[in-house]
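Hi everyone, thanks for making time. I'd like to walk you through a small set of things I looked at, so have the picture up while I talk.

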Amino acid sequence: MDYDLHDIIETKKPHPCGTNRWQIIRMGMDIKIKCTGCDRILMMPRRDFNKRIKKVLEKAEN
């Protein structure tokens, strides 16, 4: 899966607020994502992130 910083991604399971759209706000060994619905921030290892991502919805403009 090809994703970069500030991309909008879709996860397999929705967040409890009802949306499954997230923005990538930090990348490294761990990836930090922010829910576009309620602004909740989650940090997870890259391996777990790769399991949870479904597709990239919007690529960030450079």
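Okay, one bit of vocabulary before we start: a residue is called buried under 20% relative accessible area, exposed over 50%, and partly exposed in between. Take R52 as a trial run: its relative accessibility is 46%, so R52 counts as partly exposed. And please keep in mind that this is a predicted model.

Let's step back to the whole thing. What we've got is one helix and five strands. Start at the N terminus and the order goes β-β-β-β-α-β. The radius of gyration comes out at 10 Å, close to the 11 Å from the globule rule for 62 residues, so the protein is as compact as a globular protein of that length. If you like boxes, the C-alpha atoms fill one of roughly 25 × 25 × 20 Å along the principal axes.

What about inside and outside? Of the 62 residues, 24% are buried. The exposed area is about 4400 Å², and 47% of that is supplied by carbon and sulfur atoms. On the charge side there are 14 positive and 9 negative charges, and their mean positions sit 8 Å apart. Now look at the contacts with a separation of 6 or more: residues 24 or more positions apart account for 37% of them.

That brings me to some examples, starting with the aromatics. How many aromatic pairs does a search of the whole structure find? One. The partners are Y3 and F49, with ring centres 5.0 Å apart and planes at 75 degrees, so this pair is edge-to-face. What I like here is that the pair links distant parts of the chain: Y3 is in the segment before β1, F49 is in helix α1, and they are 46 residues apart. Buried or exposed, these two, Y3 and F49? Both Y3 and F49 are buried.

Back to R52, then, which is in helix α1. Leaving aside neighbours within four places in sequence, R52 is in contact with E10, T11, K12 and M44. You can also check R52 against K13: 39 residues apart in sequence, 7.7 Å apart in space, C-alpha to C-alpha.

There's another example right at the start of the chain. M1 sits in the segment before β1. Its relative accessible area is 62%, so M1 is exposed. Even so, M1 touches I53, K54, K55 and V56, not counting residues up to four places away in sequence. For K55 you can put numbers on it: M1 and K55 are 54 residues apart in sequence, with 7.8 Å from C-alpha to C-alpha.

Staying in that opening segment for a second, let's talk backbone. As a reminder, most residues other than glycine have a negative phi. H6 isn't a glycine, yet it has a positive phi of about 70 degrees. You'll find H6 in the segment before β1, and with a relative accessible area of 42% it is partly exposed. D39 is another non-glycine with a positive phi, about 65 degrees in this case. D39 belongs to the loop between β3, residues 30–35, and β4, residues 41–45.

Next, the other histidine I wanted to show you. Where is H15? In the loop between β1 and β2. A loop residue, then, but H15 has 16% relative accessibility, so it counts as buried. Which residues is H15 in contact with, leaving aside its neighbours within four places in sequence? They are W22, C35, C38 and R40.

Last stop is I25, in strand β2, which covers residues 21–26. I25 is at 29% relative accessibility, so we call it partly exposed. Skip the residues up to four places away in sequence, and I25 touches L5, K32, I33, K34 and I41. For a contrast in distance, pick R47: it is 22 residues from I25 along the chain, and their C-alpha atoms are separated by 17 Å.

If you take one image back to your desk, make it the edge-to-face pair of Y3 and F49, joining the segment before β1 to helix α1. That's me done, so let's hear your questions.

How values were computed:
Residues are numbered from 1 along each chain as its sequence is written. This is a predicted model: local features need pLDDT of at least 70, side-chain atom pairs count only at pLDDT 80 or more; totals for chains, interfaces and linings use all residues. Side-chain values use heavy atoms; hydrogens and water are left out. Helices (H or I, at least four residues) and strands (E, at least two) are DSSP runs, numbered from the N terminus. The radius of gyration is taken over C-alpha atoms; the globule rule is 2.2 Å times the number of residues to the power 0.38. Buried means under 20% relative accessible area, exposed over 50%, partly exposed in between (1.4 Å probe, protein chains only). Contact means heavy atoms within 4.5 Å. Accessible areas come from the Shrake-Rupley method with a 1.4 Å probe; for residues, only the protein chains shown count as cover. Lys and Arg count as positive and Asp and Glu as negative; His and the chain ends are not counted. The place of a charge is taken as NZ of Lys, CZ of Arg, CG of Asp or CD of Glu. Rings of Phe, Tyr and Trp (its six-membered ring) pair if their centres lie within 6.5 Å; planes under 30 degrees apart count as stacked, over 60 as edge-to-face and the rest as tilted.
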